[in-house]
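Trainee: Could you take me closely through one hairpin and the strands around it, and then set that part within its chain and the chains beside it? I would like one connected account rather than a list.

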Amino acid sequence: MPEAPAPVRAQPLPDPQPNPRSDPRVDYSVPVGDTVKTTTCYMCACRCGIRVHLKDGRIRYIEGNPDHPVNRGVICGKGSAGIMTQYAPARLSSPLLRVGERGSGEFREISWPEAMEIATGWLRPIRETDPRRLAFFTGRDQSQSLTGFWAAQFGTPNFAAHGGFCSVNMAAGGLYSIGGSFWEFGEPDWDRAKYVLMFGVAEDHDSNPIKLGLSRVKARGAKFVSVNPVRTGYSAIADEWVGIRPGTDGLFVLALAHELLRTDRVDLDFLARYTNAAWLVVQDPGGPEDGLFARDEEGTPLAWDRARGAIPAKAADLSAVMVGDHTLPDGRRARPVFHLLAERYLDPQYAPEAVAERCGLEAARIRRIAAEIAEVAFEHPITLDQPWTDVWGRRHETTTGSPVAFHAMRGISAHSNGFHTCRALHLLQMLLGAVDTPGSWRYKSPFPRPIPPGPPPAGKGAKPNTPLVGNLLSFPHGPDDLLVEEDGSPIRIDKAFSWEAPLALHGMMHTVIGNAGAGDPYPIDTLFMFMANMAWNSAMNPGEVIRILTETREDGAYVIPHVIYSDAYFSETVPYADLILPDTTYLERWDCISVLDRPIGSPHGAGDSIRQPVIVPDRNVRPFQEVLIELGARLGLPAFVKEDGSPRFKDYPDYIVNHQRSPGVGPLAGFRGPDGGKKGVGEPNPEQLQRYIENGCFWRDHLPPEQEWYKHANQAYLDGARAMGFIPKPEQIVLQLWSEPLQKFRLAAEGHGERQPPDRLRERVRTYCDPLPIWYPPLEQQGADLDRFELSAVTQRPMAMYHSWGSMNAWLRQIHGANKLTMARSRAEAMGLAQDDWVWVESRSGRLKCQLAVMEGVNPDTVWTWNAIGKRPGAWDLSTDSPEALRGFLLNHVISEWLPAQQGFRAANADPVTGQAAWYDLRVRVTKAEAAEQAGPTEPHFPAPHQRPHTPANPDILRYSVKPRA
Amino acid sequence: MNPAGSIVFFTTASGAGYGLLFWLGLLRPLGLVPGQGLVALALALLLITAGLLSSTLHLGNPQRAWRAVSQWRSSWLSREGVAAILTYIPALLLGLALWVDAPALALAAGLLAAAGAVATVYCTAMIYASLKPIRQWHHPLVVPGYLALSAFSGAVLLAMLAAFAGGGAVPALLAILTGAGALLLKRAYWQAIDTAPPIATIESATTLGFIGKTRPLEPPHTEQNYLLREMGFRIARKHAAKLRLIAQGAGFALPVLLALLALLLGGMPAALALSLGAVLALGGLLIERWLMFAEATHTVMLYYRG
Amino acid sequence: MTCLPQPVPGAKKLGLVIDLDTCVGCQACATNCKEWNASGHSAPLPDLRPYSAGAEGVWFNRVHSYEAGEGAAGRTVHFPRSCLHCENAACVTVCPTGASYKRAEDGIVLVDHDTCIGCGLCAWACPYGAREMDEDAGVMKKCTLCVDRIYNETIPEAQRQPACVLACPTKARHFGDLGDPESAVGQLVRERGGQPLMPELGYQPVNSYLPPRNRSSLAATPEEAAPTEIKNPLLRWMDRVLSR
């Protein structure tokens, strides 16, 4: 056999470590660029710090900022592809005015002054007559402290961003239970947790922090369990993958709670000290206060003291009795919360055997996991040599915690039972004593906040030319806080904070266009959107959204008369707007990741950050925030004009520095005061942005070590948080197992109180506003023909496209240019299906055609695909034969935005408590396409819109480089 | 492996050209080939040169092709280039000798040219045979196969030319013998590659065999790439079997039979039979060379297809 | 020269150690490599038909995913693939022009784009698919181990590492001298049982892959004692004395 040539070796090199820089063919020390600027990434929701190297004004390299607290120098697949997002041909380059039919994509370019005149001309009459007729919804907005404020100044209650179809179940579930939440307002103690349980992280929130965290968990050899129907991404590296059936996580969690209670492995001390487990709940079935906390005259909740009976629960010397029937001084009967919850979850319906089949798991496995959690929590606690002082003034010499940490996200959130499932997870944390303790889940500053935080949502009494006072998206404490008219009908166009979704904290962007189209509860005049691809992947059922946006009345006018849209790219939604206000890219603008909105705080202290322009726009575009501030001034919104009517802010940076929401409190918490020495509260500092830039475009505070743990009951922490303006009073934040606000809604549904739900909603409110976590089958599956639609269908975001839809990015689209529907190999074989078969996917509301893939690691009753890979032909400046259009598809086309008719009204396909869009409740059937149909394109397949004026030519070859060509 | 047209043509044409040169160099000085031999030499050099030029079409930067002769110490491709260039010298000297009728020079140049032809074909074969990632090429029968095919196609061509020159049973006889030999070799080769175990598996390529059977889940990119186009070429087993039959029939069996016929017939019918034989042989070899690529699999595809 | 350098005991063998136990397949290494090298030593890395059908480009690092095993024992493994800088690099020895070379000083395999003729033979010779043809310039390109970063005196010392390593959010990539068993990467390979790819081919890859770990199970035994047999299980908490 002729052998490969034996490697011919050059003459021996005597020096084992020759000079590595001796190779003349390599330039070793070329400076990376000529300039480097720090800023904050905006390709997803993580808000990582980046360093952008420039050469001759073009981007050389984007890297993670090693000093930044969010990403500590790492950067993800998307952030690293920022160059291609920056230079994508699909960038809009001029304001556009629609000249053809809506959806045709026929536009003419107009000037900015003309665009502003038109926008003002549409908006001013609305404000002068009925401000509600403006619906302002801002998608993936990271400047909600500005946009929400602007909407309130305008006087419309109709504002939200995309949280209603993203993660409001997690926010609401957390903020109404523990005063923080998964992801945004808390994170696992990655450095100490010995057991990490992650639920339903469909490769979503958040990206780099989870990745950094998991790498530390794995490096320490701690156990990482991922509960997810699909074994990809994070689940792939889990020590144990629990391939649960979608929508049954709540059952699984409550079965874990059942096991902990059954085996008496709960942290009763923690419950008595830090939660409302000992609080007495009035037992007066049918009475107006049934299920509310027993309180004294001052309204202080009561607990049963072993020696003294009913006394204020906050008493330092309380010796709580956790179970039993007690009679209050006024003669009413009451039981402690713990009694009620133990009774409920010890019920055999929550036993592992009872839930196993439904979850697609073995009962023994559920019991084992419960036992493992209990063992770690109670046999392997962590004790830090860290003294702290609690709210009762007692100094603890050490800090001890149960090192079991939880994280959960979209797989929990995107179900119509997600709010209660999230509450169930928090209940589990509380039973284990695993909230803000070493090794458990920890609050991120500025949380914890009171439960629920803050004042109720603003929005009542909208009047012409009058700002609404307060936050439009805030926290109802009971029926009185709902945004409903006297007759119980919704005040908001999206019906958030109505009886249909009382805790819709993030609004319900997914219902806006449908409601506006139906004039329900009223028609609107102008739909003003920012960064939301509502005519495609951001919509449940995009075909219906497209239909409504193009629907005309008898007089030929559009049902939604005006649509203004701001985006940086030629998305599917652009052709459906009348006026396009082209935005800059994230590298061309100022921004603030504001402490008034969702800052970048960590368990170690507060933090916020800014974006600064690193590239000068080469197009006729303006940053949206700047446009909004100018519009505010043109419209004379009080906060945006001086007393003489002239603009109050010359630009967005001016607003960031000088706007004060309340005295001394502005968008940025750092470097306040005349010399920049104040934090949290302080006078505006003209040098503030410069100070941020010098600091890497972020600011962070460092809590003293004694404030790091048990923040909900740590007096030093609470005092500090009060000083920073994060909480109104430095009082214990008692974690809420039993949610009284929910019980108040339930009481209303039972006929108590002045504010009454419409009769058609009574049973719904009564059922779903349960003060303790419950599980119920996803709403769309209740009464559905589940034998016909036997498979659950869900999506995940591919990590390289997480929280974006970046097909205009020449690099990322090579990685994910098309998608298939993935099914368990065993299931496919049983159904006679094979890899790459073309199949029909049918739901109760529609059908689509796509290609099949098979895998081992997916729940056999579940199919899944990557989200937002399918594109409409011609959008994003991709050629019409692009794989995104021919082989990519959106599962959205078979998701309905409405539930099957229930009780005679049209309900959103959403969580009945929070209004969270229930993307993952979908059930489908999959059948093989006929032989003649065994080819693309995927269906539905839409026609391509016209190209906009001055669409750049589609290059045959891209040679991006800033290196001078030899 | 993707059967690049330029390479398939190169190995077929140059192979035949070197075969022709080999036989001419050996036989002409011995007087075993009728006629002057210049036509045969011209045809040989034409085929060789056309093949070599064709092979440069495969290059990304053909204008730099001259650099390819520098690495003869390690690279078979470089050695092939060196051998090919060096072989021109005795081949041209042979031409000169035949032109001026200098038998001694013809003998020496002929032998050297024949040696050069063998060396060049050997180097060509070794380019393929040295590639471990491609098990169908990294095979002991590949080099003999290249040499035999070259000898066979050269012999057929020489026999054809000899017949036109009015004689030359020896080339025809050689064509029959080398044809039969090449056919047997080729069949043995196909048999061998059809039954040989893989040189590597997806399990060894990924290190994951210790967990269990390994299957690709998702490719790095959803579209094509250079490696997939270059090495992901696939041919259906049925299709390949058919082509193998055609190659065996047209490329070997028929030319051999036609050469036998030519021996029996003699004269112009023999020349015509051998012409047909030469066309069939070259056509068959094109198919065989195409198959040589099409049936070859590269280990990189383990990463994509398992 | 395309001859391989003479092996010298203690010679530097720079390479990567890739941890298959923590890689989540996020593609950060792939795109960060792409952006660094787009303007680096091998610039540009062209993309053909970037906004049309058949988009493809030059990438030095590609991330596959696999499923190994079935049932509960099965795993999904993400698998970044790039040049392994083999000790016995046939991609170098087959090169007819000397454009492909392995550096004696650190073992990095590079291509001199000024002398490459684009014959593609090195790609055929590489079992791992590490070679990337720039079909625009007609020359072969490949992972350089960021030779223009790791020795770059204009970059802070801590960041003189390949772009893929710095970017990796799960710290699944490590860079160092695999010729030195006591280096951090050397120890990692030893402790975690680092594996070469396709060792049977004899290329002696320098890069090493750390296998997915045995899934540690705390394996608590479920408590079968069932206090639910007690008539009223709540009673056991009745007398529990708790204090603040």
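Mentor: Two strands are said to pair when DSSP finds at least two bridges between them, and helices and strands are DSSP runs numbered from the N terminus. The model is a predicted one, and every value below is computed from it.

With those terms in hand, the hairpin is the one in which β31(A) is joined to β32(A) through two residues. Strand β31, residues 838-843 of chain A, pairs with β32(A) in the antiparallel sense, over six bridges. Within that pairing, Trp840(A) has Lys849(A) of β32(A) as its bridge partner. β32(A) also has a parallel partner, since β30, residues 821-824 of chain A, pairs with β32(A) over four bridges, and there Ala824(A) stands opposite Met855(A). In general, strands of a sheet pair through backbone hydrogen bonds, in either the parallel or the antiparallel sense.

How far is β32(A) enclosed? A residue counts as buried when 20 or more other C-beta atoms lie within 10 Å of its own. Eight of the 10 residues of β32 (846-855) in chain A are buried, and the strand is therefore largely enclosed by the rest of the structure.

The wider setting is a chain of four assigned domains: domain 1 spans 35-86, domain 2 takes 101-164 and 470-580, domain 3 spans 591-702 and domain 4 spans 780-933. The centres of domain 1 and domain 4 of chain A, taken over C-alpha atoms, are 32 Å apart. Where these two domains touch, domain 1 contributes nine residues and domain 4 contributes 11 residues. The side of domain 1 that faces domain 4 in this contact has six nonpolar, two polar and one charged residues.

Chain A as a whole has 24 helices and 35 strands, and 64% of its 966 residues count as buried. Its C-alpha trace spans about 90 × 85 × 70 Å along the principal axes. The radius of gyration of chain A is 28 Å, which agrees with the value near 30 Å for a compact globule of 966 residues. Among contacts in chain A between residues at least 6 apart in sequence, 69% link residues at least 24 apart.

Elsewhere in chain A, an open sheet of seven strands with mixed pairing runs in the order β5-β4-β25-β24-β23-β6-β7. Its edges are β5 (107-109) and β7 (159-160) of chain A, and because each has a single partner strand, one side of each is left without a neighbour in the sheet. Inside that order, β23 (526-530) and β24 (562-566) of chain A run parallel and are joined by five bridges, with Leu527(A) opposite Val563(A).

Burial can also be followed in the helices. In α21 (759-768) of chain A, the residues Leu761(A), Arg764(A), Val765(A) and Tyr768(A) are buried. Seen down the axis of α21(A), the buried residues fall within an arc of 100°, so they line one face of the helix. Part of what covers them is α20 (740-749) of chain A. Another helix, α11 (363-379) of chain A, holds Ala377(A), which is buried, with 26 other C-beta atoms within 10 Å. Leaving aside residues up to four places away in sequence, Ala377(A) touches Ser402(A), Val404(A), Leu432(A) and Ala434(A).

Finally, chain A meets other chains. Its contact with chain C takes 110 residues from chain A and 88 residues from chain C. On the side of chain C that touches chain A, α1(C) gives the most, with eight residues, and by class that side has 42 nonpolar, 23 polar and 23 charged residues. A strand pairing crosses between these chains: β35 (957-958) of chain A and β2(C) run antiparallel and are joined by two bridges, with Leu958(A) opposite Asp47(C). The contact between chains A and B takes 12 residues from chain A and 14 residues from chain B. There, the side of chain A has nine nonpolar, three polar and no charged residues.

To return to the hairpin, β32(A) is paired antiparallel with β31(A) and parallel with β30(A), and eight of its 10 residues are buried.

Definitions and conventions. Residues numbered from 1 in each chain as written. Chains lettered and ligands numbered in written order. Predicted model: local features only at pLDDT ≥ 70, side-chain atom pairs only at ≥ 80, totals over all residues. Contact = placed C-beta atoms within 7 Å. Nonpolar A, V, L, I, M, F, W, Y, C, P; charged D, E, K, R; others polar. Rg over C-alpha atoms; globule rule 2.2 N^0.38 Å. Buried ≥ 20, exposed ≤ 12 C-beta atoms within 10 Å, placed from the backbone. Arc of directions from axis to C-beta. Domains from an automatic or database assignment.
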